[in-house]
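Colleague: Could you take me through one part of this model in close detail? I would like to hear about the largest pocket and what surrounds it.

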Amino acid sequence: MNSKSFKGFFEKNGRALLVPVIMIIVGLFFVLYPGSAINLTVKVVGIVFVLVGAILACTLMAAYSPTTMAIAITIIIFGIICIAFPSVIAAFIIKAIGVMVLVSAAFRIHDAYMIKGRSDSFIVYIINDIITLILGLVLVAIPLDIAGTLVRIIGVFMMILGLSNIITVVKVYFDGRYVDDGSDVVWEE
């Protein structure tokens, strides 16, 4: 059986700690710099669009199909716009989501009104739909402020998950028993 020292722990679990540590670092970045996180995410999406468009443009299918080439060029242009104007694109996407939430809430309020008198849950439906309507209005009115708050919340959850994963790796190492080849940890009953 392997010794249960911290040196042995890091030798056996170096790779298992990589993802949780990255989660904590990204979570801290999200909490401390939510606007930059949003812009960076949109830029990364833009880079992916440029790469996908370039790969599509270089395919044999694009050489024989003007439609495929037009789609590839459109994808590349959209990627360049994402890279050049990340905050504008982020605000537009969040406002679009807000409009979709508003439309959905309006339809649901109409549906709830249609069951008025036929269901005991009418008030619950209306309250839920009014809260959804308010959320849609907030997303349309102040999209980046709300997005920043959501990014912070996601960052906190990422840090909690990363920390809990590290704790799990440590507990499994010190409570578990290594198999002879050292590639897996099993629990003794």
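**The largest pocket and its surroundings**

Modeller: Happy to! From the N terminus on, the elements of the protein run α-α-α-α-α-α-α-β-β, which comes to seven helices and two strands. Please keep in mind that this is a predicted model. Of its 189 residues, 26% count as buried.

Now to the part you asked for. The largest pocket has a volume of about 310 Å³. Its lining is made by 14 residues, and those closest to the centre are Ile 38, Ile 94, Ala 147, Leu 150 and Val 151. If you want to find the walls by element, look at helix 2 (34-57), helix 5 and helix 7, the elements that give two or more residues to the lining. The chemistry of the lining is easy to describe: 13 of its residues are nonpolar, one is polar and none is charged.

Helix 7 deserves a second glance. This helix spans residues 143-175, and Ile 153 lies in it. With a relative accessibility of 39%, Ile 153 counts as partly exposed, because that value falls between the 20% limit for buried and the 50% limit for exposed. Ile 153 also has a partner from far away in sequence: Phe 30 is 123 residues apart from it along the chain, yet the two C-alpha atoms are 8.4 Å apart in space.

Helix 5, another contributor to the pocket lining, takes part in a charged contact as well. A search of the whole structure finds one salt bridge. It pairs Asp 129 with Arg 108, and the closest N and O atoms are 2.8 Å apart. Arg 108 sits in helix 5 and Asp 129 in helix 6 (residues 122-141), so the pair ties together parts that are 21 residues apart in sequence. The two partners differ in their surroundings: Asp 129 is buried, with a relative accessible area of 4%, whereas Arg 108, at 31%, counts as partly exposed.

Finally, follow the chain back from helix 5 to the loop that joins helix 4 to helix 5 (86-114), where you will meet Phe 85. Phe 85 belongs to a nonpolar surface patch of about 450 Å², together with Ile 73, Ile 77, Ile 81 and Val 88. Helix 4 (residues 66-84) gives the largest share of this patch, three residues.

To put the pieces side by side: helix 5 gives residues to the lining of the pocket and holds Arg 108 of the salt bridge, while helix 7 also gives residues to that lining and carries Ile 153.

Conventions
Residues are numbered from 1 along each chain as its sequence is written. This is a predicted model: local features need pLDDT of at least 70, side-chain atom pairs count only at pLDDT 80 or more; totals for chains, interfaces and linings use all residues. Side-chain values use heavy atoms; hydrogens and water are left out. Patches are made of residues with over 30% relative accessible area and no salt bridge: like charges are joined within 9 Å, nonpolar side chains (Val, Leu, Ile, Met, Phe, Trp, Tyr) within 5 Å. Accessible areas come from the Shrake-Rupley method with a 1.4 Å probe; for residues, only the protein chains shown count as cover. A salt bridge is a side-chain nitrogen of Lys or Arg within 4 Å of a carboxyl oxygen of Asp or Glu. Helices (H or I, at least four residues) and strands (E, at least two) are DSSP runs, numbered from the N terminus. Buried means under 20% relative accessible area, exposed over 50%, partly exposed in between (1.4 Å probe, protein chains only). On a 1 Å grid over the protein atoms alone, a cavity is a set of points where a 1.4 Å probe fits but cannot get out, and a pocket is an open set with protein on both sides within 12 Å along at least five of seven lines; lining residues have an atom within 4 Å of a point. Grid points are joined across faces, edges and corners, and a volume is the space filled by probe spheres set on the points. Ala, Val, Leu, Ile, Met, Phe, Trp, Tyr, Cys and Pro count as nonpolar, Asp, Glu, Lys and Arg as charged, and the others, Gly among them, as polar.
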